[in-house]
Amino acid sequence: MSGLRAWGLALLLLGAGVAWRLWPREVAPPALPPEVTPPVIERGVRRAAVAPPAQRVEDVWTQKNRRAIELLEAGDLEAAVELFAECVAGDPAEGVFRGNLAEALARLARAEYEDVETRPEAIEHLTRAVELAPERDQLTELLARWRAEAAVEGNFWTDRSLHFRLSYDGDRGELLEGGYDLVLRTLEDAYGEFADLFGVRPAEGDAPPIEVVLLEREEFSELTGLGHWAGGAYDGRIRVPVVDLSKEERQLVRVLRHELVHAFVQEAGGRGVAGWLNEGIAEYLEQPAGAAREAAVREARALAAELKLRSLDELGGTLASLGSVEEIRAAYVQSLAFVGWIEHWYGEQVLFHMVSGCSKGVSLEASFEAHTRVPLASALEDLSLDLKR
Ligand SMILES: [Zn+2]
């Protein structure tokens, strides 16, 4: 079934959750996550041993480093990189400076990667970051992924519509001859529909168009790491495998709508929306409103009746990482059945309230109960009892 797709796969790879390396001496370090061990600043120790106290003035590189941190935190990434690079040039032995430069380069690269025009620079900057901080596995993995993407997609043909930028292999006649039109029309129609539901417009204002890439099945698996069961993926870009368009039109429309929902969920709720809600809404909205959607919910309920339902906590992360294909499929089924249940008894608005609450730090439980006066766990319990009838 088309429903098994991997929202959030790339959060692992793309996540900016990198803590600062500690900077030398006087600057008080911010709170660090427990897994980060502040490096020992040997240079400071050596200096202290030889310099009389009166001369222990903050050196020029420490000042620059501090200024660069301010720039970085203010979002002036290029200026921060330049200043950290001066620190590294001025004191190449100082690991703190190299680590900070690597972090600034990585942030700059991520920003550049958002725009297709500056993607080559992004790869260049991330390459330097990896050279400076080879111990940061996430950066190494990200670089490998970007290089693989460039190798596959670098020469793709592109088409634009108001809110989307579509890339595909221009040698594939069926895509060039009409496939692109179907894809862009589907996406533009869904964009308007979802914008009204979620109350956000993710590809407007300063935001770039949403990128969509059509791939061969093998290319898709290579770039996403997802198996045959996956119909598409969203990791900031929509990626969809298309084998034979003439036989896959209906499936393709569903997959495009499904993946686009993830873009709206991320825009409205941030990256922390629970897997069951994210996938449940995507499964729910991938069919147009009406008979097809109702049939999909009915089918999910029939399948869910055969399952032992999981707790919502168990379904809070990326469903694609749950284990076997059967377990993943069961999680998608339950998610759709539950979203359909919520819609039926409490109205679909509460689903969108829960998503937008996430961006304000409001838990799903609190959002749900505020709108329904019913605990979320009770609603799941009610579904479970109903399925057994
Ligand atoms: Zn999905």
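In the predicted model, helix α8 (residues 173–198) and helix α10 (residues 245–269) approach each other, their axes coming within 9 Å and crossing at roughly 35°. The crossing of α8 past α10 is right-handed. On the α8 side, the contact is made by E174, L175, G179, L182, V183, T186, L187, A190, Y191, F194 and F198. The α10 side contributes L245, S246, E249, V253, L256, R257, L260, V261, F264 and A268. Classified by residue type, this contact of α8 with α10 comprises 15 nonpolar, three polar and three charged residues.

Both helices also meet a sheet. Five strands form this open sheet, in which the order is β1-β2-β3-β5-β4 and the pairing is mixed. The edges are occupied by β1 (157–160) and β4 (233–234); each has a single partner strand, so one side of each is left without a neighbour in the sheet. The pairing of β1 with strand β2 (residues 164–168) is antiparallel and extends over four bridges. Within it, R160 stands opposite R165 of β2. Helix α8 packs on the sheet by touching β1, β2 and β3 (210–215), and its direction makes about 150° with that of β2. Helix α10, in turn, lies across β3, β4 and β5 (238–241) and runs at about 160° to β5. Strand β3 is thus among the strands touched by α8 and among those that α10 lies across.

The loop between α10 and α11 (275–286) contains G270. This residue counts as partly exposed because 14 C-beta neighbours lie inside 10 Å, whereas 20 or more would be required for a buried residue. Although G270 and S356 are 86 residues apart in sequence, their C-alpha atoms are 8.2 Å apart in space. When neighbours within four places in sequence are left aside, G270 is in contact with C358 and S359.

Considered as a whole, the protein has 16 helices and five strands. Of its 389 residues, 40% are buried. Among contacts between residues at least 6 apart in sequence, 63% join residues at least 24 apart.

Confidence in the prediction varies along the chain. The mean pLDDT of the protein is 84, and 85% of the residues reach 70 or more. Over residues 1–57, however, pLDDT stays under 50. For this stretch, the model has 88 contacts beyond four places in sequence. Where pLDDT is low, predicted coordinates should not be read in detail.

Notes
Residues are numbered from 1 along each chain as its sequence is written. This is a predicted model: local features need pLDDT of at least 70, side-chain atom pairs count only at pLDDT 80 or more; totals for chains, interfaces and linings use all residues. Axes are lines fitted to C-alpha atoms, for helices over the stretch in contact, and angles run from 0 to 180 degrees between N-to-C directions. Helices (H or I, at least four residues) and strands (E, at least two) are DSSP runs, numbered from the N terminus. A crossing is left-handed if the near helix is turned anticlockwise from the far one by less than a right angle, and right-handed if clockwise. Two residues are in contact if their C-beta atoms, placed from the backbone, lie within 7 Å. Ala, Val, Leu, Ile, Met, Phe, Trp, Tyr, Cys and Pro count as nonpolar, Asp, Glu, Lys and Arg as charged, and the others, Gly among them, as polar. A residue is buried if 20 or more other C-beta atoms lie within 10 Å of its own, exposed if 12 or fewer, and partly exposed in between; C-beta atoms are placed from the backbone. Two strands pair if DSSP finds at least two bridges between them. pLDDT is the predictor's confidence in each residue, from 0 to 100.
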